[in-house]
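Please read the points below alongside the sequence and the coordinates.

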Amino acid sequence: MNSNMMRYVALTLLIGAATPVVAAPAPVSELKGSSSSSESSLQRLERMFEARSQMQLDMQRQLDELSREVGELRGMVERNSYDMKQMLERQRELYREIDKLSREQPAAAKAEKKDVSGGETYAASADENTAYESAVNLILKEKDYDGAVTAFNEFLSTYPDSVYAANAHYWLGQLYFTQNKMADAQTHFEAVASFKDSNKRADALLKMGVLAERGNKADVAKKLYEQVVAEYPNTATSQQAEKSLKNLK
């Protein structure tokens with residue numbers, strides 16, 4: 001048997017092993033034919049083998065690509081699940097704050113209306129009082145948080161020096177925090193912190209620490225938590241800051 005005939009037989013066996021479809025055996029006359037006939041059959045078998053090999057390579061590449069896409073999708077699902085859990089936790093924090101304020105509304109209202117001299121007063125303008133109360137009611141009564149964001153921003157634009165300014169900034173910080181708008185939340189909590197006499201300042205500093213911690217700024221978060229503990233000892237906010245400090249270590 002010459003070399004071409006041997007290659008022909010070998011390729012026939014390889015192709016038969018590579019595919020579940022069994023090719024019909026070559027006629028005896030073809031095997032015994034001229035060298036040109038054998039060469040022609042050999043070329044066909046070579047082309048078939050190359051085509052089959054290429055098809056297998058293409059299928060492997062497609063499988064690899066599908067595997068990569070599945071991995072990416074799995075990662076996206078995990079990230080979305082984490083983000084959803086974080087958003088739900090921020091909403092729970094807002095609900096807890098709303099519930100707390102609802103139960104302590106009379107005392108909270110008095111605290112909000114204290115001026116720097118220590119007395120109790122409303123804003124000079126009846127419209128200012130009404131605008132602030134309307135914005136608060138969007139949170140406490142109507143649960144219209146998007147509407148509250150608009151109302152508080154309009155309030156601060158109209159009454160930037162209001163006696164309620166610190167509280168308006170605080171509520172905006174809380175609302176943006178639940179919406180995952182961390183830069184906006186940071187801006188408003190910083191504004192609250194600038195009001196040294198605000199009863200919301202301690203919580204604003206605590207929230208700034210939380211934002212820093214979530215932004216992977218552990219050193220900044222640590223300083224803010226320590227500031228809360230130092231400036232507001234023996235308070236519920238201070239206790240939360242102490243717990244956060246322990247979790248940082």
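Which residue with a positive phi follows α9?

1. That residue is Asn216, whose phi is positive, near 60°. The model is a predicted one, in which local features need pLDDT of at least 70 and side-chain atom pairs pLDDT 80 or more, while totals for chains, interfaces and linings use all residues. Numbering runs from 1 along each chain as its sequence is written, and side-chain values rest on heavy atoms, without hydrogens or water.

2. Helix α9 (helices being DSSP runs of H or I with at least four residues, numbered from the N terminus) has 14 residues and reaches 20 Å from its first C-alpha to its last, close to the 20 Å expected at 1.5 Å a residue, where the expected span is 1.5 Å times one less than the number of residues. It is mostly covered, with 12 of its 14 residues buried (under 20% relative accessible area, 1.4 Å probe, protein chains only); among them are Arg201, Asp203 and Lys207.

3. The largest nonpolar core (buried Ala, Val, Leu, Ile, Met, Phe, Trp, Tyr and Cys residues joined through side-chain atoms within 4.5 Å) has 42 residues, and those with the most contacts inside it include Tyr132, Phe152 and Leu205. At least two residues of this core come from each of α5 (126–140), α6 (145–158), α7 (165–178), α8 (182–193), α9 (201–214), α10 (218–231) and α11 (236–248).

4. The structure holds 7 aromatic pairs (ring centres within 6.5 Å; planes under 30 degrees apart are stacked, over 60 edge-to-face, the rest tilted). The ring centres of Phe155 and Tyr164 lie 6.4 Å apart with planes at 50°, so this pair is tilted. Phe155 is buried at 2% relative accessibility, and Tyr164 is buried at 1%. Both belong to one aromatic cluster with Tyr132, Phe152 and Tyr159.

How values were computed
Phe/Tyr/Trp six-rings, centres within 6.5 Å; stacked < 30°, edge-to-face > 60°. Buried < 20%, exposed > 50% of the residue type's maximum accessible area, 1.4 Å probe, protein only.
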